Amino acid sequence: MVKVEVEYCGICNFSGQCHLLREFLLASSPDLDVSCRQGRRGSFEVAIDGQLVHSKLACLAFPQHASVLAQVQKAERGEAVEKVLEQPIKDCSLM
């Protein structure tokens, strides 16, 4: 069984994002073990079988759900997982 662990920032209210990703993954792969846990400020870190595949702390973006699913499917086949694609940042402005 593939294990997906998501660390999210509770202060930033990212729990909803985590639960959306969890529901998306379980809809395609019901046998997954997907956990969401509150962690560091600003975080949305995704690990598949212990390997970090996405870090919002590093890239400032959320992961693309389909890209996470593609890596989960690779893990299910016993293949090595890679970093996932990020969602484009659309609503951020610098002042």
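1. Let me start at Ser55, which you will find in strand S4, residues 51-55. Please keep in mind as you read that this is a predicted model. Ser55 has a relative accessible area of 15% and is therefore buried, since the cut-off for that word is under 20%. Setting aside neighbours within four places in sequence, Ser55 is in contact with Phe44 and Glu45.

2. Phe44 leads us on to the aromatic rings. How many aromatic pairs does the structure hold? There are two. In one of them, Phe14 and Phe62 meet edge-to-face, with 4.9 Å centre to centre and 80 degrees between the planes. This pair links distant parts of the chain, 48 residues apart: Phe14 sits in the loop between strand S1 (3-8) and helix H1 (15-28), while Phe62 sits in the loop between helix H2 (56-59) and helix H3 (65-76).

3. Are these two residues buried or exposed? Phe14 has a relative accessibility of 13%, so Phe14 counts as buried. Phe62 also counts as buried, because its relative accessibility is 16%.

4. Phe62 has another ring partner, Phe44, again in an edge-to-face pair: here the centres are 5.1 Å apart and the planes make an angle of 75 degrees. Phe44 belongs to strand S3 (residues 44-48) and Phe62 to the loop between H2 and H3, so this pair ties together parts that lie 18 residues apart in sequence. Both of these partners, Phe44 and Phe62, are buried.

5. Put together, the ring pairs join Phe14, Phe44 and Phe62 into a cluster. While you have Phe62 on screen, do look at Lys56 as well: Lys56 lies over the face of the Phe62 ring, at 5.2 Å from the ring centre.

6. Now for helix H3. Its 12 residues, at 1.5 Å a residue, should span 16 Å, and its end C-alpha atoms are 16 Å apart, so the expected span and the model agree. The expected span is worked out with one less than the number of residues, in case you want to repeat the sum.

7. Which residues of H3 are buried? They are His65, Ser67, Val68, Leu69, Gln71, Val72, Lys74 and Ala75. As a reminder for reading such a list, an α-helix has 3.6 residues a turn, so residues three or four places apart point the same way. The cover over the buried residues of H3 includes S1, H1 and S3.

8. A last small point concerns the stretch just after H3, where Gly78 takes a positive phi of about 85 degrees.

Technical notes. Residues numbered from 1 in each chain as written. Predicted model: local features only at pLDDT ≥ 70, side-chain atom pairs only at ≥ 80, totals over all residues. Heavy atoms only, no water. Phe/Tyr/Trp six-rings, centres within 6.5 Å; stacked < 30°, edge-to-face > 60°. Helix = DSSP H or I, 4+ residues; strand = E, 2+ residues; numbered from the N terminus. Buried < 20%, exposed > 50% of the residue type's maximum accessible area, 1.4 Å probe, protein only. Lys NZ or Arg CZ within 6 Å of the ring centre and 35° of its normal. Contact = heavy atoms within 4.5 Å.
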